[in-house]
Amino acid sequence: MNSEQTSRYRAFISYSHVDKKWGDWLHKALETYRVPKDLVGQPSRTGPIPKRLYPIFRDREELPTATSLGEQIEQALEHSDYLIVICSPPSAKSMWVNEEILQFKRLGRSDRILAIIIDGEPNATEKPGLEGQECFPPALRHEIDDGGELGDGRTEPIAADARNDKDGRRAAKLKLIAGLLGVRYDKLAQRDKRRRRIQRFSFAAVVALSLFIIFGIWYHGETGRKAEERVRLLEESQRLAELARLQSEQGFHDEAMLLTLNGLPGIYGGDRPWLPQTGAVLERLTFSLRKQVVLANEVSVLHAVLSPDGTRVVTASWDGRAEIWDAVGGEKLSTLVHEDPVFHVAFSPDGSRVVSVSGNPLANSGNAVIWDAISGEKLTILAHRHTVDHADFSPDGTRVVTASSDDTAVIWDAASGEKLTTLAHEDDVVHATFSPDGTRVLTASLDATAVIWDAYSGEKLAILVHEDWVVHAAFSPDGSRVVTALSYDTTESMGDTAVIWEVVGGKKLATLEHENWVAHAAFSPDGTRVVTASWDSTAVIWDAYNGEKLATLTHEDAVKHVAFSPDGTRVVTSSEDKTAAIWDAASTEKLATLVHEDVVGHAAFGSDGTRVVTASGRAMANSGGAVIWNATGGDRLETSAFGRHAAFSSDGTRVVTASWDATAVIWDTYEGEKVATLLHEGTVNHATFSPDGTRVVTASLDATAAIWDAYGGEKRATLAHEDDVVYAAFSPDGTRVVTASSDETAVIWDAVSGEKLAMLPHEDGVTHAALSPDGTRVVTASWDATAVIWNAASGDKLATLAHEYSVLHAAFSPDGTRVVTASWDDTAVIWDVASGEKLATLAHANSYESNEVVQAAFNADGAWLVTASEDGTAVIWDVASGEKLATLVHGDGVNYAAFSPDGARVVTASDDFTAVIWDAATGEKLATLAHQGWVAYAVFSPDGTKVITASDDFMAVIWEIPATAAAILADPFEYLPKNRTCLTPQERERFLLAPLTDAQWVERRCPQYTVANRTKVAQSEAED
């Protein structure tokens, strides 16, 4: 093919998308390069030299699932004069870069391939030990044979080298341009040097006039069209933030997050001004956003379950399909087609098969089908004479039991589909399940009975007689008990109960009463509790032995389904009120509301308890869907007594907690497992790691502090006082420890030998002590109404900082030039360390009886300060001016406050049983971390991704903290639910947002809304 006649592009840039920034730079550098005038029009191998190297083709999209280059790429290669390869180790390993080089060579243009090295080493595969640094793809290093495949012959690519220690960017760019133009590099370099010299002289001559003109243009532009556009964008951002807040309040958190993204600069909002209020809304939403993957959408989904390993989901829909989905990415893996609505689906215990059940009540048809869960192949049909309502695999996966409206349940061989046993009732059988050991089957029927059967012989072992329809039945985890759920078949009947039965003998153990139908019931994993779901708009947790009501979980409409989490700590409910909810099973606190646009008929935890899948929709409807949600809260570290303090290690992998029970415990933060227990003879007030994480120091009411090995828990040194030790901390270099004691002293100790280095005396108990960042000074706080700054080496007193009442806390600024003290005189005071001069007084003066300031802390750059007070507030202050920036309000005294490492957030711990995370700039509440007792302490992990809280509810809890607004805007797709990365065209119209171009839809990962794809859908619907 004659490229001179058919070329459309000056060059095709081939690169790994790891090197996208280099691709962007080179594309722009080539297309904006102006060819020197004396070269324009001169002949070259591709025709007369043009004024510009335009256009350049750059492939912007990866081909993650394709097995060959797309048609667009092949056409672009065919119509390109040159191929430019950006060479790096990632491109050397990229299948697509290699294929593009091969394709170009097959066009007979091997001599028109140019290379630019940005990283790695050329021909490193021939250098032992450097193979991983190879930057040339195989197709660049080898010739192709007559068949168009890579041969053994080697080529020696000539490449420009953009690395800093080689040609550098400018020279490498000019070498590529010389190759594209067919001119010598030195000619081009000389012209470029001359052009830059002229530009410098020109700039010097007109700089004053230019600045004057630019200022005039800027001034008039800013006050004119640009200013108007800026105001319009800010107003739109405010409107979107308010819409997001309203959508979030209704539970549509993913929609709200997309609205805020459209109101902020970035992929969604474009080049618009930053509005802090909108950014704060975005951060708050990340705490609420639990939706991970949107599966079936705009279809009535009646049932959905996660596979045993959590990697897949199977959904059952009214439209006659069961579908298997990837639980991470949301891709549809298989469609399992029935002729009638599909009511129920289940995975086999090993996840290799799926059973789905369907039927048409009007046509008297129905069956169950077993499918291969990987390929979607139909394996066996299990035929009934009427609708099949339910199916379940045996625990070993060898059998299936089906429940049908033909008045039977049937046990089948799961491999052959052979009918093994028929279990007959006198009316519809609506539910059937195996016992945990697989030896029995339990059936529930509209004939007002539940029956326990021998799973092999089909013998009836017990009949559990009720007064009304039995709509559900379940075994306890140990198989010794059964719970049944009753509904009623007439308005006069009162089947508003669930009943717990003994399996052996069929004895009724307890009756659990509701005020309307009971739709579902389930045992807790340990069998000690039962939870029931009722049409009276409640779910109730009961004692599974005596039937005592333990807790009521309330919805606004009928509750359809209910289940415990695998560890029994949470309950998930689904309701006619279009929500599912996750609840704390002990406190009954609602942990999350999962909002749908239609009835939620089913909700279930995955096998590891970290996710919930919900199914939404109703019969004969085209609304609803299935969604996977994040179900996690915090990792709870159970202490045997009230938690006094907790601290992370410097690498965030461990936590140490201090408790009233005379212990400190070191925990693994990932597994939540105990690493070591450190024993004292009295309450442990404080515990913290050394800077390198190898040791822990504890302070105890047994009049000692102790240094411990942070891995094995061995005691390295005992630091003895004459009274309670209330605080202990390492020096920044880890060589010393400072302790504060009620014996009226603080002491500096050698952290290795335990030797006492200096004693710092007060006239009353010492409440706190801290070393300066450089370790040269110590500040102590005391009940004697003073704080004192000391020389840490000699123990000499450098300055006394006087308050009117006791000083409870003192801390250095990050640069060590200031100290803040917190006092019972209702103030915090900032002091100059060198002179002891008072710089600012920060007063708490609310209407509370007690306004004492109990603690204060600087942020990382020392510009802001946060104080915690008994008046129920924490306050953020500007250190330079003493101005109050934000007041953070709790319902009771605040015990502690701390900034996140980046200073963007504050966490507070309060007597109101909560810790709260706040936006430090706006003071907006981002998240509430609830305990069952007052919270003594809360602090961020070193990387800011977690918070640990210590409470008198016998728990220390590690909480995962979502990313900041800046991090979200940098990569929004990391935080948005899969398959929900943009507002639909209808939603954009509803929220008065401008339509998007096809390129913008693709950029937002929503190609289904491009004109071409919407046209295809419309044509398909018209054909149907």
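How much area does the chain expose, and what share of it do carbon and sulfur atoms supply? In this predicted model, the chain exposes about 43,800 Å², and 50% of that area is supplied by carbon and sulfur atoms.

**View 1. The whole chain, with its helices and strands.** The chain holds 15 helices and 71 strands, and of its 1024 residues, 57% are buried. When contacts between residues at least 6 apart in sequence are considered, 45% of them join residues that are at least 24 apart.

**View 2. Strand S61 and its partner, strand S62.** Strand S61 covers residues 853-858 and is mostly covered, since six of its six residues are buried. Strand S62, made of residues 864-869, runs antiparallel to S61, and five bridges join the two strands. Within this pairing, Gln855 stands opposite Ala868, which belongs to S62. When following such a strand by eye, it helps to recall that in a regular strand the side chains alternate between the two faces of the sheet.

**View 3. The turn of the hairpin formed by S61 and S62.** Five residues lie between the two strands of this hairpin, and in it Gly862 takes a positive phi near 75°.

**View 4. A nonpolar patch on the surface.** Three residues, Trp783, Tyr805 and Trp824, make a nonpolar surface patch of about 340 Å². Where along the chain is Tyr805 found? Tyr805 sits in the loop that lies between strand S56, residues 797-802, and strand S57, residues 807-812.

Terms used. Residues are numbered from 1 along each chain as its sequence is written. This is a predicted model: local features need pLDDT of at least 70, side-chain atom pairs count only at pLDDT 80 or more; totals for chains, interfaces and linings use all residues. Side-chain values use heavy atoms; hydrogens and water are left out. Helices (H or I, at least four residues) and strands (E, at least two) are DSSP runs, numbered from the N terminus. Buried means under 20% relative accessible area, exposed over 50%, partly exposed in between (1.4 Å probe, protein chains only). Contact means heavy atoms within 4.5 Å. Accessible areas come from the Shrake-Rupley method with a 1.4 Å probe; for residues, only the protein chains shown count as cover. Two strands pair if DSSP finds at least two bridges between them. Patches are made of residues with over 30% relative accessible area and no salt bridge: like charges are joined within 9 Å, nonpolar side chains (Val, Leu, Ile, Met, Phe, Trp, Tyr) within 5 Å. A salt bridge is a side-chain nitrogen of Lys or Arg within 4 Å of a carboxyl oxygen of Asp or Glu.
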